[in-house]
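Welcome! Here is a short briefing to help you find your way around this structure, topic by topic.

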Amino acid sequence: MKTILINNPLCVATMDDAGTEFSGGHILIEDDKIRSIGPEPLDILADQIIDGSDMVITPGFINTHHHLYQTLTRNIPLMQNQPLFSWLTNHYEVWRELTTEAVSVSTQTGLLELMKSGVTTSSDHLYLFPSQASPELIDTEIIAARELGIRFQPTRGSMSLGRTKGGLPPDDVVQSETVIQEDTERLLAKYHDDSYGAMTRISLAPCSPFSVTIELMKQTAEFARTNGLHIHTHLAETLDEEAFCLESFGLRPVALMEELSWLSSNAWYAHAVHLNDEEILRMGESQVGISHCPSSNMRLGSGIARIRELLDAKVKVSLGVDGSASNDSGDMLLEMRNAMLLSRLRDERFWLTARDVLRMATRGGAAVLGRNDVGELSAGKQADLALFKMSGLSQAGGMSDPLASLIFTTRNQPVDYLIVQGEVLINQGISNIEEQTLISSHNRIAAEMIKHAETRTGINFMKTER
Ligand code: ZN
């Protein structure tokens, strides 16, 4: 049995139902679980002892929406100032160049970046399967994630509506319903684990109303219901999408989901920005989840999601950094801070607090992904923790409330310790990955993809439009 004892923490946010916080005391980890936790000191020997006296300790954060491959296409000049549909159409041309190596390297870069900001569980939404890459790209991601040791809940993403059928993506990155279904069943048999403490769990994720067929949406919902799986897609992100749904189906996005049997407690939606009062209530009654992606919504000018009303309606609300082509960063603390600050551009009644966004990034994430083993520091839960030293320049003067300081003061240093399933993956700020090698490979692949896309299309990606 392996033990880790964290002594005398400055502040622990358990994120239990009562929202218990305490200072001093201990957290004892035995193998993969928290054995005991509380404000009373514990004087025992352990394999590793961590002095927590200058640290805020939270449950590891849970990121519920990402497109890890997009870390290869951050900040491309042509798409820097474009809204969703033109941003997508241009990015498809670069994403068509994805290779198996590109998926492996970008998965590790994106996940390591998340881990450094305190994330211990992440989902991913990979929906693009270009013909030159292996069709087994989800396998590639899972293998890359396992090397890092993070808890991973990838989705089997999909697109089936190419341009010639009225969709937005080029035909050569979409797949047929049969291929998608067969690959889904193969992946589930090989990797899916729905037990307590699972490190790999698979959900299903058709991409969006403008890139998949109605048949695929229906088929996915039915298959997930029969097999006890979670389902995920983009919804109500922009007004363009709303117009597309009204024109193509005569329905607003939420009504379309209802029609397709997608308004259910095993579904979670990225964005959910453009919702009316009735739709918010309907989503609450259906106990759906959402992944709020404030940085991406600001970057693409999509709008401000109505998070306070969604929380009041009992919708499960979590946070996602979204893909790095529309965030350009994969920092969960920054995402929490942006969620809090963005809410304050609205009427004061709708403001979010630091503790609101911390809860969204922990318990909210666990609820959305259908997990009761993470997102909370209590005896018996999985030992997934983020430890942040609060003695840096940027926290100086902000220590009257150390927990809120995590969100209010900006941080320019990574997490000090990250523990996943009882394993210390980041120790005193250092990961066990050759970071410089990873970054060099990543930059090489990113440059090659743009160059190949320019040669093929004649588009100049290096020029901004404004
Ligand atoms: Zn997305």
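Helix H2 and helix H3 make a right-handed crossing. Please keep in mind that this is a predicted model. Below you will find this helix pair, a second helix pair, a metal site and a proline in a loop.

**Helices H2 and H3**

- H2 covers residues 100–116 and H3 covers residues 137–148; their axes come within 9 Å and cross at roughly 40°.
- The two helices are therefore oblique to each other.
- On the H2 side, the contact is made by Thr-100, Val-103, Ser-104, Thr-107, Gln-108, Leu-111, Leu-112 and Met-115.
- On the H3 side, Leu-137, Thr-140, Glu-141, Ala-144, Ala-145, Glu-147 and Leu-148 take part.
- Sorted by class, this contact of H2 with H3 has eight nonpolar, five polar and two charged residues.

**Helices H1 and H14**

- The axes of H1 and H14 (residues 435–457) cross at roughly 105° and come within 8 Å.
- That angle makes H1 roughly perpendicular to H14, because angles of 65 to 115 degrees count as such.
- From H1, the residues involved are Glu-93, Val-94 and Trp-95, which meet Met-449, Ile-450, Ala-453, Arg-456 and Thr-457 in H14.
- By class, the contact of H1 with H14 has five nonpolar, one polar and two charged residues.

**The zinc site**

- Three histidines and one aspartate coordinate the zinc ion: His-65, His-67 and His-234, each through NE2, and Asp-322 through OD, at 2.1 to 2.6 Å.
- The angles among the four donor atoms are 85 to 172°, and the site is irregular.
- Along the sequence, the donor residues follow the spacing H-x1-H-x166-H-x87-D.
- Two of the donors, His-67 and Asp-322, link distant parts of the chain, being 255 residues apart.
- His-67 sits in the loop between strand S8 (61–63) and helix H1 (84–95), while Asp-322 sits in the loop between strand S15 (316–319) and helix H11 (332–343).

**Pro-39 and its surroundings**

- To find Pro-39, look in the loop between strand S5 (33–38) and strand S6 (48–51).
- Pro-39 and Pro-9 are 30 residues apart in sequence, and their C-alpha atoms are 9.0 Å apart in space.
- Setting aside neighbours within four places in sequence, Pro-39 is in contact with Phe-22, Ser-23, Gly-24 and Gly-25.

Conventions. Residues numbered from 1 in each chain as written. Predicted model: local features only at pLDDT ≥ 70, side-chain atom pairs only at ≥ 80, totals over all residues. Heavy atoms only, no water. Axes fitted to C-alpha atoms, helices over the stretch in contact; angles between N-to-C directions. Helix = DSSP H or I, 4+ residues; strand = E, 2+ residues; numbered from the N terminus. Parallel < 35°, antiparallel > 145°, perpendicular 65-115°, else oblique. Left-handed = near helix turned anticlockwise from the far one by under 90°. Contact = heavy atoms within 4.5 Å. Nonpolar A, V, L, I, M, F, W, Y, C, P; charged D, E, K, R; others polar. Donors = N, O, S within 2.8 Å, 3.2 Å for Na, K, Ca; no water. Tetrahedral: all angles 85-135°; square planar, octahedral: opposite > 155°, others 65-115°.
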